Amino acid sequence: MSTRTRRRNRRGEEADRLEPLSFEIRPSKREEAMPFAVAATAFAFIALVVCMGRDYLLLYGDAVAHLGIARRILDTRNPGLIQLGGVWLPLPHLLMLPFVQKIQWWQNGLAGAWPSLLSYVLSVAGLYRLTRRIAPPQWALVATAFYALNPNLLYLSTTAMTEPLFLAIVIWTTLLAMECTAAISAARLPAIKGRLIALGLLVLAGVLTRYDGWIFGAVVWCVIAWKLFHAEKVRAEVRLHFGIFTALSVAGPVAWFAYNQHFFHDPLDFMRGPYSALAIERRTSKGAAHHPGWHNPFWAAVLYLRTAQLDASAWETGFGVAALAIAGLILAIRRRLELVSTLLWIPLPFYIYSIAYGSVPIFIPPLFPHSYYNSRYGTEMLPAFAVFACVALGWLQQRWAASQPLLVRLMPPVTLLLIAISTISIMYRVPLVLKEAMVNSTTRIAFEQAIANEIKSFPAGVPILMYNSDHVGALQRAGIPLRQTISETDYDSWKVALADPARHAAYIIAIAGDPVSQAVTANPEGLTELAVLCTTGQPCARIYRSTHF
């Protein structure tokens with residue numbers, strides 16, 4: 001007998017010694033997820049009322065910027081697709097577009113909350129259906145509760161941030177990929193064709209939402225292609241639909257390259273342009289030491305997993321959650337339990353690489369430099385933690401069924417109680433993602449509010465020369481239409497106004513170091529200084545009135 005044969009037999013004997021997973025597992029019906037969608041809707045609106053009542057919706061500078069981009073697509077001197085910019089992907093801004101045109105919703109942040117809240121509800125319903133394919137109903141309920149009651153996710157779902165939308169896309173893409181591979185195995189042609197088209201649309205949506213989606217979409221395509229390659233019975237019958245799925249999968253990156261080339265004359269402007277992650281890191285570091293995890297994948301993995309743990313659970317219980325999830329992943333792989341569900345783990349290698357080699361820093365209080373930055377990225381591990389931790393708990397429940405019947409009956413309700421305690425504890429101590437927003441917004445909000453107060457004193461409708469990219473929140477708080485400003489969003493009028501500010505704008509807002517400040521220094525004629533606004537941690541702003549306009 002060869003060495004290879006002996007090894008194969010040994011692995012088979014080890015697998016036989018493991019107890020089989022005899023879960024009550026079956027695909028859930030659509031109506032089974034409806035109660036979870038209703039409950040998620042209630043949670044979402046409670047979170048919205050709490051966060052809106054405390055002015056939390058606009059704490060993140062990125063949320064303000066996302067709303068500003070969506071607003072300027074139509075409300076600017078040069079409206080059109082060029083206003084989408086070349087770094088942030090366009091789908092979130094396009095979804096906000098119908099809501100942000102109402103100036104009150106732009107001002108209070110509700111324009112960004114509606115798409116995020118809908119995404120949260122859809123993701124909760126999708127997570128239950130996904131978990132139900134690999135775990136019994138009681139543990140599918142626990143996994144869904146763990147995900148839906150997470151305070152960090154609930155807060156993000158009231159903002160214009162992109163994580164809730166992307167999580168919904170990831171969950172539903174994984175679910176449909178599981179259904180598609182099952183349909184391929186069963187040679188159910190109508191189901192395969194429908195899932196392929198739906199998967200193509202979801203991959204396209206993911207690619208146009210976050211750059212994580214590019215890697216996620218590529219892996220999804222490889223999974224489906226591999227499954228079809230080994231399914232000779234159906235491969236020829238679904239060739240057209242697989243072609244559509246492939247075209248939709250590549251359409252997003254190709255369109256984004258073309259967009260950057262057309263408007264910014266560089267197909268990779270989003271990677272190496274002035275607003276890219278690389279450029280931002282170079283500006284913010286200012287020659288300081290590199291961020292933790294730079295060119296160190298091991299430390300990057302520690303940093304990201306620790307962030308995910310803090311986002312997922314209270315105190316140090318995140319270590320237990322992560323350990324259970326990893327155990328569930330091992331069980332799923334060894335038992336070949338819907339292996340497609342492992343797509344939920346893609347954020348882990350993506351962010352390890354991004355921290356180590358992609359100019360993406362993450363700062364959390366427990367680790368050096370003991371501050372707050374990008375902690376929300378850890379929430380992308382919530383679906384994996386929820387699903388696979390419950391797979392492990394379900395295996396433990398089955399293993400103890402004969403010896404510990406009372407413990408087995410108590411496991412699901414006790415776990416739900418622990419989830420409730422964790423949720424309350426996180427809220428009491430302030431969720432990490434919300435705490436980051438509060439800490440990092442203190443000086444920015446005070447600065448932008450001071451500028452907004454000055455803008456409100458201007459005569460109605462007068463043109464204002466201002467650089468909008470950094471502090472569009474001042475115009476948002478003042479309720480000033482963006483088309484009333486002369487800014488970098490309209491190249492021609494912007495360049496002309498910078499050459500002679502006093503003749504092209506009634507009021508000029510110059511923030512130290514920005515192009516308007518440089519133009520005022522070079523061409524001060526006809527300008528009367530009205531106010532100087534300085535806030536700790538922010539550059540000073542000078543307000544001028546033109547005597548020539």
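The paragraphs below go from the overall form of this protein to its cores and then to one of its pockets. The model is a predicted one, and its secondary structure comes to 25 helices and five strands.

Along its principal axes, the C-alpha trace of the protein spans about 95 × 55 × 45 Å. Because a compact globule with 549 residues would have a radius of gyration near 24 Å, the 26 Å of this protein agrees with that expectation. Buried residues make up 54% of the 549 residues, and among the contacts with a separation of 6 or more, 73% are accounted for by residues 24 or more positions apart.

Turning to the interior, the largest nonpolar core has 150 residues, and I224 and F385 are those with the most contacts inside it. If the neighbours within four places in sequence are left aside, I224 is in contact with A177, C180, T181, L196, L199, F242 and F245. There is also a second, separate core of 15 residues, which includes L465, I486, L498 and A519.

The second largest pocket has a volume of about 480 Å³ and is lined by 27 residues, of which S313, V321, T415, L418 and I419 lie nearest its centre. The elements that give two or more residues to this lining are α7 (137-148), α17 (317-334), α19 (382-399) and α20 (405-429), and the largest share, nine residues, comes from α20. What is the make-up of this lining in nonpolar, polar and charged residues? The lining of the second largest pocket divides into 20 nonpolar residues, seven polar residues and no charged ones.

Conventions
Residues are numbered from 1 along each chain as its sequence is written. This is a predicted model: local features need pLDDT of at least 70, side-chain atom pairs count only at pLDDT 80 or more; totals for chains, interfaces and linings use all residues. Side-chain values use heavy atoms; hydrogens and water are left out. On a 1 Å grid over the protein atoms alone, a cavity is a set of points where a 1.4 Å probe fits but cannot get out, and a pocket is an open set with protein on both sides within 12 Å along at least five of seven lines; lining residues have an atom within 4 Å of a point. Grid points are joined across faces, edges and corners, and a volume is the space filled by probe spheres set on the points. Helices (H or I, at least four residues) and strands (E, at least two) are DSSP runs, numbered from the N terminus. Ala, Val, Leu, Ile, Met, Phe, Trp, Tyr, Cys and Pro count as nonpolar, Asp, Glu, Lys and Arg as charged, and the others, Gly among them, as polar. A nonpolar core is a set of buried Ala, Val, Leu, Ile, Met, Phe, Trp, Tyr and Cys residues joined through side-chain atoms within 4.5 Å. Buried means under 20% relative accessible area, exposed over 50%, partly exposed in between (1.4 Å probe, protein chains only). Contact means heavy atoms within 4.5 Å. The radius of gyration is taken over C-alpha atoms; the globule rule is 2.2 Å times the number of residues to the power 0.38.
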